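Here's a set of exercises to work through with the model open in your viewer. Try each task before you read the solution under it.

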Amino acid sequence: MLCKSVQVTLPFTFPFGMESYTSVYITSNGQIGLNADPVASAGAYDVSVYTGNYSMIVPLGHDLNPAQGGTVYVDSLNTSVFTVEWDSIRPYTGYANTYYCFQVKLYPSGDIEMIYGPMVVGTAQTDVVVRVREYALNN
């Protein structure tokens, strides 16, 4: 489980919960961290393991590995929508015929759109997580 992340500046201020964000952390494990780097914080793909103040968008959290195949794309040039796409990403280990294609679009209004494309999932694949989590500082 070697998850990698990168901090990306948003082309607009994104309101989420009671906060607003100007950058996000995008991970290879299908996460977008809003107020902290999920990899530096815990490194896991399941947001239930995080304690404390983590605001995250997890369109498809799994132990993913772009080095096994696939790419993570970011479109931060469009000022009306910020798009992250995980294209044909494979799991870290096993499931040789498994891959996932999905996107998240963030809008200046605070709207979040999750789009799922073609996916091939192995029959034993059971540990995929989809969540949106916002924690205020007093939680």
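Helices (H or I, at least four residues) and strands (E, at least two) are DSSP runs, numbered from the N terminus. This is a predicted model, where local features need pLDDT of at least 70, side-chain atom pairs count only at pLDDT 80 or more, and totals for chains, interfaces and linings use all residues. Residues are numbered from 1 along each chain as its sequence is written, and side-chain values use heavy atoms, with hydrogens and water left out.

**Exercise 1. The overall layout**

Work out which pattern of helices and strands the protein chain follows, and what share of its residues is buried.

Solution. Start with the count: the protein chain has nine strands and one helix. Walking along the sequence, you get β-β-β-α-β-β-β-β-β-β. Next, burial: buried means under 20% relative accessible area, exposed over 50%, and partly exposed in between (1.4 Å probe, protein chains only). On that scale, 42% of the 139 residues are buried. Then the surface, from the Shrake-Rupley method with a 1.4 Å probe; for residues, only the protein chains shown count as cover. The accessible surface of the protein chain is about 6800 Å², and carbon and sulfur atoms own 50% of it. Last, contacts (heavy atoms within 4.5 Å): among those between residues at least 6 apart in sequence, 51% join residues at least 24 apart.

**Exercise 2. The nonpolar core**

Find which residues touch the most other members of the largest nonpolar core, and which strand gives the most to this core.

Solution. First the term: a nonpolar core is a set of buried Ala, Val, Leu, Ile, Met, Phe, Trp, Tyr and Cys residues joined through side-chain atoms within 4.5 Å. The largest one holds 21 residues, and Phe14, Ile32, Leu34, Ile57, Phe82 and Trp86 touch the most other members. Now the suppliers: strand 1 (5-16), strand 2, strand 4 (56-61), strand 6 (82-89) and strand 7 (100-106) each put in at least two residues. Strand 1 gives the most, with five residues. For a close-up, take Phe14: leaving out residues up to four places away in sequence, its contacts include Leu34, Ile57, Leu106 and Ile112. As background, nonpolar side chains tend to be buried together in soluble globular proteins.

**Exercise 3. Ser23**

Decide whether Ser23 is buried or exposed, and find which side chain makes a polar contact with the side chain of Ser23.

Solution. Ser23 sits in strand 2 (residues 19-27). Because its relative accessible area is 16%, Ser23 counts as buried. A polar contact is a pair of N or O atoms within 3.5 Å; within protein, one must be able to donate a hydrogen and the other to accept it, and residues adjacent in sequence count only if both atoms are side-chain atoms. The side chain of Ser23 makes one with the side chain of Gln7, at 2.9 Å. Setting aside residues up to four places away in sequence, Ser23 also touches Val8, Thr9, Leu10 and Leu34.

**Exercise 4. The open sheet**

Give the order of the four strands in the open sheet, and say which are the edge strands.

Solution. Two strands pair if DSSP finds at least two bridges between them. The order is 5-6-7-8, with antiparallel pairing. Strand 5 (71-75) and strand 8 (112-116) are the edges, as each pairs on one side only. Neighbouring strands are turned by 10° against each other on average, direction ignored; axes are lines fitted to C-alpha atoms, for helices over the stretch in contact, and angles run from 0 to 180 degrees between N-to-C directions. Zoom in on strand 5 and strand 6: they pair antiparallel over five bridges, and a hairpin of six residues joins them. Tyr73 stands opposite Glu85, while Val74 has Val84 as its bridge partner.

**Exercise 5. Strand 4 and an odd phi**

Explain why strand 4 is largely enclosed, and find what sign the phi of Ser88 has.

Solution. Six of the six residues of strand 4 are buried, so the rest of the structure largely encloses this strand. Strand 4 runs antiparallel to strand 3 (residues 32-33), joined by two bridges, with Gly33 opposite Met56. Now for phi: most residues other than glycine have a negative one. Ser88, in strand 6, has a positive phi of about 55°. Ser88 is partly exposed, at 28% relative accessibility.
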